[in-house]
Amino acid sequence: MAGKGATQSFDAVVIGAGFAGLHMLHRLRQLGFSTVALEVADGVGGTWRHNRYPGARCDIQSFDYSFSFDDELQTEWVWSEKYATQPEILRYANHVADRFDLRRDIRFNTRVKMARFDDARSRWDVETEDGTHYDTQFYIFATGCLSVPKAVDIEGYETFEGRSYHSTDWPEGGVDFTGLRVGVIGTGSSAIQTIPIVVEQAKELTVFQRTAAYAVPALNRPVEAAEREAWIAKRHAHRDLARNSLFGVPGAPMERTTFEVSAEERQRIYEEAWERGELPALMMTFSDILADEAANEAVAEFVRNKIRAIVKDPETAETLCPKSFPLGTKRICLDTNYYQTFNKPNVHLVDLRKSPIEGVTPKGIKTTDREYEFDAIIYATGFDAMTGAIVGVDVRGRGGLELRKKWADGPRTYLGLTVSGFPNLFMITGPGSPSVMCNMMSAIEQHVEWTGDCLTDARKRGVAVIEAMPDAETEWVAHVNEVADATLFPRANSWYMGSNVPGKPRVYMPYIGGLGPYREICTEVAGNGYRGFAQQSAREKASA
Ligand SMILES: Cc1cc2nc3c(=O)[nH]c(=O)nc-3n(C[C@H](O)[C@H](O)[C@H](O)COP(=O)(O)OP(=O)(O)OC[C@H]3O[C@@H](n4cnc5c(N)ncnc54)[C@H](O)[C@@H]3O)c2cc1C
């Protein structure tokens with residue numbers, strides 16, 4: 001192991017030991033590359049290690065939210081519920097690490113702070129916080145799209161005399177809220193999962209909402225043995241469908257359009273989708289939901305009517321109805337009794353659009369209307385998504401080019417995998433790739449496979465340096481924007497756009513062309529000798 005100040009050399013250094021880092025490390029070892037993963041946490045699992053709040057679960061069915069790359073792994077693991085809980089998913093991540101003996105090549109408690117490309121040697125110098133240097137040909141970000149919590153920027157935050165909790169950094173032993181007055185800031189996916197659980201203990205619970213979300217019922221349940229056997233029997237076909245789908249799970253939007261059918265038929269179709277308890281189901285009902293405003297409004301109104309039917313107080317129901325952005329343009333949330341929670345007499349909703357928060361006080365939270373007193377505050381305020389962890393490292397490419405500067409007006413990538421000016425650097429689920437638009441396990445697997453193939457091909461052909469060409473990058477950025485602009489997605493002030501972080505440029509970050517079509521593009525690029533990439537052999541490099 002490299003000690004402090006010492007340098008150790010590898011073919012590839014992977015940053016992160018969440019699902020992406022674990023899979024990348026395993027793949028590189030299988031392919032015969034010397035490699036190491038550097039992880040700031042003290043264990044594997046990434047997202048599922050940090051987000052331990054009560055109620056945390058996957059929003060993609062457990063069978064799909066799992067690796068397919070090893071058939072024994074996918075047939076031996078037994079998921080207990082349709083949507084697995086955080087502890088179960090973390091156990092799975094640990095199982096993956098143990099099963100493939102990955103821990104011996106992971107350095108835990110190790111934060112990468114800097115990575116410099118040495119033009120003369122065409123190698124990366126990776127420096128960690130403790131001053132250790134790693135010398136590597138390939139540098140691979142597997143740092144996650146949702147791994148950097150957004151800093152809480154509410155005035156007086158540190159003056160609160162009660163207890164403060166963050167959904168992204170929950171105490172390991174859990175929290176007992178019995179008899180406490182609890183405030184929750186945020187109504188995104190984490191808040192929607194945790195509110196119905198916290199209220200079981202809390203004396204009073206007050207939810208502070210700025211933007212109402214669309215949530216559909218998870219209809220979670222145990223996985224029966226017969227269901228598991230049926231899944232195992234059809235797993236290969238099922239995984240193929242997922243790989244080539246839009247959202248990384250089997251299924252595609254119906255070809256029909258919204259107003260082709262009668263209002264009654266539409267209602268029946270929406271109801272059927274609602275009853276499936278699956279995140280993409282409503283979006284699949286008609287082909288025009290994400291492109292046509294009226295079609296989107298029709299399905300959005302269906303969800304609002306569901307909320308109005310569940311929530312007894314009409315004013316609370318109306319406040320919970322999402323109206324400020326089209327359905328599906330932010331990831332839809334899956335809920336278990338979220339809306340029902342607001343029928344409890346000890347649950348209150350504060351509409352921050354009417355009375356914004358002025359600050360946190362020693363006693364609680366002050367809005368423009370009044371002060372609310374609490375014993376505990378839960379912050380579920382989201383992430384500096386997609387780029388936060390990447391620019392969290394000071395990355396210097398060719399000629400000392402700074403990635404933070406290059407991305408000052410928003411991320412620019414080729415295929416969401418590489419960046420021009422940063423040779424031999426790869427990003428798993430980087431901006432400009434489908435990533436957060438789909439089942440991320442499917443997105444991670446596609447990127448890991450592509451990157452592994454690319455490195456293997458480079459080694460076979462004696463290519464020492466591979467780098468996205470500026471034109472290819474420009475074309476890809478234009479394509480990502482063009483596809484987004486043809487839809488309703490850019491209408492939402494969402495973290496996809498970076499809009500939740502003050503000062504972050506407003507650029508549509510994920511590629512919404514769908515995982516299957518995106519896979520085809522990546523495969524075609526590779527099949528055409530890595531079209532759009534400048535490639536230099538060791539000999540050319542020496543004579544240059
Ligand atoms: C609460 C929550 C629920 C989610 N649920 C779902 C879901 O149901 N379905 C779905 O598809 N997706 C979901 N996601 C998205 C989820 O992030 C991905 O599914 C997946 O876990 C990402 O894996 P990853 O390895 O890419 O990133 P992560 O799991 O985020 O791992 C990245 C790792 O990199 C480490 N790291 C970052 N920077 C550095 C550095 N500078 N030096 C060293 N280490 C570093 C981090 O500590 C972390 O361990 C969810 C996300 C959250 C936050």
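Good morning, colleagues. The ligand in this structure is surrounded by 34 residues, where a residue counts if one of its heavy atoms lies within 4 Å of the ligand. The closest are Glu 39, Thr 47, Asp 59, Tyr 65 and Met 440.

Before I continue, some conventions. This is a predicted model, in which local features need pLDDT of at least 70 and side-chain atom pairs count only at pLDDT 80 or more, while totals for chains, interfaces and linings use all residues. Residues are numbered from 1 along each chain as its sequence is written, and side-chain values use heavy atoms, with hydrogens and water left out.

I turn to the polar contacts of the ligand, meaning pairs of N or O atoms within 3.5 Å. The side chain of Thr 47 has an N or O atom 2.7 Å from an oxygen atom of the ligand. Nitrogen of the ligand also meets the backbone: an N or O atom of Val 112 lies 3.0 Å from a ligand nitrogen, and for Val 40 the corresponding distance is 3.2 Å.

How much of the ligand's accessible area does the protein cover? Of the 990 Å² that the ligand has on its own, 94% is covered, as computed by the Shrake-Rupley method with a 1.4 Å probe. Three elements give two or more residues to the shell: helix H1 (19-30), helix H2 (47-50) and helix H13 (440-461). Here helices are DSSP runs of H or I with at least four residues, strands are runs of E with at least two, and both are numbered from the N terminus. H2 gives the most, with three residues.

By residue class, the shell divides into 18 nonpolar, twelve polar and four charged residues. In this scheme Tyr, Cys and Pro are among those counted as nonpolar, Asp, Glu, Lys and Arg are charged, and Gly is one of the polar residues.

Next, a sheet. Strands E13, E14 and E15 form an open antiparallel sheet in that order; two strands pair if DSSP finds at least two bridges between them. At the edges are E13 (357-360) and E15 (371-373), each pairing on one side only. Three bridges join E13 to E14 (residues 364-367), and Gly 359 stands opposite Lys 366 in E14.

Finally, the whole structure holds 40 salt bridges, each a side-chain nitrogen of Lys or Arg within 4 Å of a carboxyl oxygen of Asp or Glu. One of them joins Lys 113 and Glu 127, whose closest N and O atoms are 3.5 Å apart. Because Lys 113 lies in strand E4 (residues 112-118) and Glu 127 in strand E5 (residues 123-128), this pair ties together parts that are 14 residues apart in sequence.

Notes: A polar contact is a pair of N or O atoms within 3.5 Å; within protein, one must be able to donate a hydrogen and the other to accept it, and residues adjacent in sequence count only if both atoms are side-chain atoms.
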